[in-house]
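This report describes the domains, ligand surroundings, sheets and nonpolar cores of one structure. The sequence and coordinates come first.

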Amino acid sequence: MATASQSEVQFRFVVAGGGIAGVTCAQQLASQFPSLDIVLLTAAPMVKTVSNFRQVSKTLEDFEVEEQPSSVLEEKYPNLKVIQSAVTVLHAKQHTLLTENGQVFHYEKLCVCTGARPKLIIQDNPHVLGIRDTDSAQEFQKRLSSAKRIVVVGNGGIALELVYEVEGCEVIWAVKDKAIGNAFIDAGAAQFIIPSLEAEKPKKALPCKRTRYTTDKDTAPNTGSEGPGSALGPDWHESISLRGAEQVSHRVHVEYECEIEKVYSQQEFMQSPLYTVEKVAPHLILSNGKTYGCDFIVSATGVVPNTEPFLHGNNFDLAEDHGLKVDEHMQTSEPDVYAAGDVCTAGWEPSAFWQQMRLWTQARQMGWYAARSMAADILGEAIELDFCFELFSHITKFFNYKVVLLGKFNAQGLGQDHELLVRCTKGLEYVKVVLRGGRMMGAILIGETDLEETFENLILNQMDLSPYGQELLNPNIDIEDYFD
Ligand SMILES: Cc1cc2nc3c(=O)[nH]c(=O)nc-3n(C[C@H](O)[C@H](O)[C@H](O)COP(=O)(O)OP(=O)(O)OC[C@H]3O[C@@H](n4cnc5c(N)ncnc54)[C@H](O)[C@@H]3O)c2cc1C
Ligand SMILES: NC(=O)C1=CN([C@@H]2O[C@H](COP(=O)(O)OP(=O)(O)OC[C@H]3O[C@@H](n4cnc5c(N)ncnc54)[C@H](OP(=O)(O)O)[C@@H]3O)[C@@H](O)[C@H]2O)C=CC1
């Protein structure tokens, strides 16, 4: 590191963002270049670290994630310096960054890992909440504790988790599709899991083989101003109470095929023609014409990449979803600027069985691979797209069922050119296989099916499965032995 002046410093590698993508990238660079100082700039006092990483199969991963003070990271990597100050400006041509505290950083290679923020149905409305980081989860918990009815809008990961976890409060779940959970599962799987919403919840959660999440906010340095934190992740709701003000367990009502048309504040509603004396809470109107009073609305409607500080005066290619477009080396359209995790959008020609989803596993993989690409560039080495981008795989838990998604699990991009095989035992398991030309393209596995490794292999090796027909899902055949 060469110091130019007190507020101007130069580093070969700078990483922006202390979430999974940024921390993984910085750790990888720090281990590969022990004699260089690496700097990690981040907006929040806490960083996310991966621990107990385990490769479960060729592409499935298991790890724990901890939210920790940055000093923990610096102790482990003496050549890694974490600076809590948000990037405010990037001059890509000059290879400089400006941070909130007035420092200027010159870099040789930069990796942008600033994550994303909730894409709310209505911005700056006090009745509409998004959930992203520890602070927003705590705000949600606080408001829920006195709530009798909330509305959840959206049909993806957060909505699926909330409607199942919230107790002591009526939940109106507004989805714009014909079935629940469209961002992760298909209509058949939705039908399989939905009875769990009506059933009594098991007292003790079943053990789940997947990533776990812990946070240690008590040990965080108190810096006064806290920027946007890193995204929450698996099991975030297990450490906080998601209980409303009523004596009910589950009470979820799903409104299908509708969107939010208008949200009235209490005041506006009282002046509207819809007002009757009994209805005084903030209100919303759905596109199906129904109105609901509620304590507040959770907008679980996806995310927008945090790109703002990097755009002005630069020439970044942005994807349709506003992510920084990256090539197969995680490089953006600006020289020497890489990006990884939720902030970026994969711009390379993907493998036939992979697609980007803004998930923890992909943030880790992209952060790691971006670091490898930055290093290869400095060392003048060639590098090929990592194997982890060969096959999409995700393990999670919805409605207390283990859920494994592989490849083109929802026949994404296959049009009509595919067939489906399904096996379902009510309350126990749901197995769906997507085939094209007799070869497996993807699968959804719900419950303890133990099929993930075999199906992963069948997708990767593209074996012709047409001779097996329906037998492929015959529960009396030990498929693992069959294809060994
Ligand atoms: C409620 C919830 C539940 C989830 N559950 C799961 C799950 O079960 N499984 C799963 O795989 N994924 C899950 N996800 C998604 C997963 O958490 C994210 O995909 C992943 O954490 C993204 O990591 P990231 O490092 O790209 O971004 P983030 O974690 O958002 O980190 C971004 C970092 O950048 C910093 N930053 C922002 N702006 C600046 C700036 N200008 N300058 C410097 N630093 C900046 C922030 O402080 C933060 O440290 C969940 C997300 C949410 C919100
Ligand atoms: N267990 C897991 O793996 C979890 C993962 N996550 C991740 O965290 C991030 C945030 O989660 P989440 O917010 O649930 O995002 P998701 O992307 O998972 O889901 C967003 C949902 O909202 C719908 N939607 C978008 N705009 C509107 C609108 N205006 N009105 C009604 N519905 C709308 C989307 O439909 P459409 O797709 O048709 O646009 C989609 O169903 C995601 O990256 C998600 O993958 C979160 C929780 C759990």
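## Domains

In this predicted model, the chain is divided into three parts: domain 1 covers 2-116 + 303-386, domain 2 covers 120-201 + 249-299, and domain 3 covers 408-482. Domain 1 and domain 2 are thus each given as two segments, and domain 3 as one.

The centres of domain 2 and domain 3, taken over C-alpha atoms, are 34 Å apart. Six residues from domain 2 and seven residues from domain 3 make up the contact. On the domain 2 side, the residues touching domain 3 are four nonpolar, one polar and one charged.

## Surroundings of ligand 1

The shell around ligand 1 holds 40 residues, of which Gly17, Gly19, Gly115, Gly341 and Trp360 come nearest. By class, 21 residues of this shell are nonpolar, 16 are polar and three are charged.

Domain 1 and domain 2 each contribute at least three residues to the shell. In terms of secondary structure, at least two shell residues come from each of α1 (20-32), β3 (38-42), α4 (157-165) and α9 (360-379). Trp360, listed among the nearest residues, is where α9 begins.

## Strand pairing

Strands β4 (residues 46-55) and β5 (residues 61-69) are antiparallel and share eight bridges. They form a hairpin, with five residues between the two strands. Gln55 has Glu61 of β5 as its bridge partner.

A separate topic is the open sheet of five strands, ordered β11-β19-β12-β13-β15 with parallel pairing. Its edges are β11 (128-129) and β15 (252-255), each of which pairs on one side only. Strand β11 runs parallel to β19 (residues 296-299) and is joined to it by two bridges. Within this pair of strands, Leu129 stands opposite Val298 of β19.

## Nonpolar cores

The largest nonpolar core has 75 residues, and Ile150, Val152 and Val298 touch the most other members. Because domain 2 and domain 3 both give residues to this core, it lies between them. A second core, separate from it, has 57 residues, including Val9, Ala16, Phe63 and Met374.

Leaving aside residues up to four places away in sequence, Val152 touches Ala159, Leu162, Val163, Val171, Trp173, Val298 and Ala300. Among these contacts is Val298, the β19 residue opposite Leu129. Val298 therefore appears both in the strand pairing and among the members of the largest core that touch the most others.

Notes
Residues numbered from 1 in each chain as written. Chains lettered and ligands numbered in written order. Predicted model: local features only at pLDDT ≥ 70, side-chain atom pairs only at ≥ 80, totals over all residues. Core = buried A, V, L, I, M, F, W, Y, C linked by C-beta atoms within 7 Å. Buried ≥ 20, exposed ≤ 12 C-beta atoms within 10 Å, placed from the backbone. Domains from an automatic or database assignment. Contact = placed C-beta atoms within 7 Å. Nonpolar A, V, L, I, M, F, W, Y, C, P; charged D, E, K, R; others polar. Near = placed C-beta within 6 Å. Helix = DSSP H or I, 4+ residues; strand = E, 2+ residues; numbered from the N terminus. Pairing = 2+ DSSP bridges.
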